[in-house]
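Please look over the sequence and the fold below before reading on. The report that follows moves from single contacts to helices and strands.

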Amino acid sequence: MVRSGVQLSQVVPWGRSLAEYVGMFALSERDLAKRILGCADGPASFNAEMAARGYRVVSCDPLYVFNSQELRQRFDETFATMMAQMPAKRDNFVWDTIPSIQALGEMRMTAMEAFLRDFAGDRRGSRYVVSALPHLAFANSAFDLALCSNFLFLYSEQLGEDFHVAALRELCRVATEVRVFPLVDLDGQVSPHLGPALTALRRAGFHATVSRVPYEFLKGANEMLVIERQ
């Protein structure tokens with residue numbers, strides 16, 4: 001099924017929780033109260049859990065062009081395959097906060113279910129917006145904080161340097177502060193696009209730094225990029 005250029009059969013929904021977002025982006029209670037954009041959130045339960053706590057987050061992803069039933073079907077189609085691949089990849093991950101492959105599956109399933117319920121209830125599409133980098137459908141400075149999880153840098157082979165620089169500049173357009181996690185590619189190696197992106201951002205007048213975070217699941221993925229306007 002193809003809709004607005006997105007092919008559902010190529011999507012692998014893999015949801016992450018609020019607790020993971022807090023760790024991945026070193027979020028404080030003060031951060032959580034800000035106007036937050038979750039970019040490329042996919043089926044994360046971050047928005048749903050934040051709404052339940054009385055906070056407001058806007059999530060954007062081209063995936064949201066599909067309805068909850070279509071997304072559930074795709075999740076059901078891919079979940080067993082994803083879990084079956086984990087034993088062979090076990091040594092690539094740190095099993096402390098997530099103690100086992102079974103626990104990982106339960107966490108991902110719980111996040112996806114929370115997302116689907118919340119997504120289905122957002123009938124006006126005010127919190128889940130169909131939009132994709134490098135061109136976002138938001139006004140300048142619409143957010144205090146933009147979070148981009150498991151997209152930029154992770155897919156360094158599929159997305160080139162120019163895309164990364166343009167995407168980061170776009171996130172800086174819509175938010176006062178930008179945080180991106182992780183900074184490694186799918187093999188756990190530091191992205192070759194990180195250095196050029198830092199140089200481009202600094203030349204453009206942004207304060208861009210790499211910061212350690214209290215989260216590591218994929219080995220080596222324990223840093224985020226923080227970009228602020230000077």
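## Contacts around glutamate 216

Two residues are said to be in contact here when heavy atoms of each lie within 4.5 Å. With that cut-off, and leaving out residues up to four places away in sequence, glutamate 216 touches Val94, Asp96, Ala221 and Asn222. The model is a predicted one, and every value in this report has been computed from it.

Glutamate 216 sits in the loop between β8 and β9. Is it buried or exposed, or something between? Its relative accessibility is 25%, and because buried means under 20% and exposed means over 50%, glutamate 216 counts as partly exposed. Its side chain has a polar atom 2.7 Å from the backbone nitrogen of glycine 220, and it also makes a polar contact of 3.5 Å with the side chain of asparagine 222. Glutamate 29, by comparison, is 187 residues away along the chain, and its C-alpha atom is separated from that of glutamate 216 by 21 Å.

## The sheet and its order

The strands of this model include an open sheet of 7, arranged in the order β5-β4-β3-β6-β7-β9-β8, and the pairing within it is mixed. Strands β5 (128-129) and β8 (206-212) stand at the edges, and because each has a single partner strand, one side of each is left without a neighbour in the sheet.

Some of the pairings can be followed residue by residue. Strand β3 (residues 36-39) runs parallel to strand β4 (residues 57-60), and 4 bridges join them; leucine 37 has valine 58 in β4 as its bridge partner. An antiparallel pairing is found between β7 and β9, again with 4 bridges, and there arginine 179 stands opposite valine 226 of β9. Strands β8 and β9 are also antiparallel, with 7 bridges between them, and in β9 methionine 224 stands opposite serine 211.

In a regular strand, the side chains alternate between the two faces of the sheet. In β4, Val57 and Ser59 are on one side while Val58 and Cys60 are on the other, and as these residues are all buried, both faces of the strand are covered.

## Helix α4 and its kink

Helix α4 covers residues 68-89, which makes 22 residues, and the distance from its first C-alpha to its last is 30 Å, close to the 32 Å expected at 1.5 Å a residue. Where is the kink in this helix centred? The kink, of about 35 degrees, is centred on threonine 78, and Thr78 is also one of the buried residues of α4, which include Leu71, Phe75, Phe79, Met83 and Met86 as well. At the start of the helix, a side-chain oxygen of asparagine 67 comes to within 3.1 Å of the backbone nitrogen of glutamine 69.

## Helix α5 and aspartate 118

The 21 residues of helix α5 (residues 101-121) should span 30 Å at 1.5 Å a residue, and its end C-alpha atoms, 31 Å apart, agree with that. Its buried residues include Ile101, Leu104, Arg108, Met112, Phe115 and Phe119, and the buried residues of the helix pack against α1 (18-24), α3 (46-52), α4 and β5.

Aspartate 118 belongs to helix α5, and because its relative accessibility is 16%, it counts as buried. Its side chain is joined to that of arginine 127 by a polar contact of 2.8 Å. Beyond its neighbours within four places in sequence, aspartate 118 is in contact with Asn47, Ala48, Arg127 and Tyr128.

## Helix α6 across the sheet

Helix α6 (residues 161-174) lies across β3, β6 (143-149), β7 (175-181), β8 and β9 (223-229), and it runs at about 140 degrees to β7. It has 14 residues, and its reach of 20 Å from first C-alpha to last is close to the 20 Å expected at 1.5 Å a residue.

Which residues of α6 are buried? They are Phe163, His164, Ala167, Leu168, Glu170, Leu171, Cys172 and Val174. The elements that cover these buried residues include α7 (194-203), together with β3, β6, β7, β8 and β9.

How values were computed
Residues numbered from 1 in each chain as written. Predicted model: local features only at pLDDT ≥ 70, side-chain atom pairs only at ≥ 80, totals over all residues. Heavy atoms only, no water. Helix = DSSP H or I, 4+ residues; strand = E, 2+ residues; numbered from the N terminus. Expected span 1.5 Å × (residues − 1). Bend = angle between axes of the 7 residues up to and from the residue. Buried < 20%, exposed > 50% of the residue type's maximum accessible area, 1.4 Å probe, protein only. Polar contact = N/O pair within 3.5 Å; in protein donor to acceptor, adjacent residues only side chain to side chain. Pairing = 2+ DSSP bridges. Axes fitted to C-alpha atoms, helices over the stretch in contact; angles between N-to-C directions.
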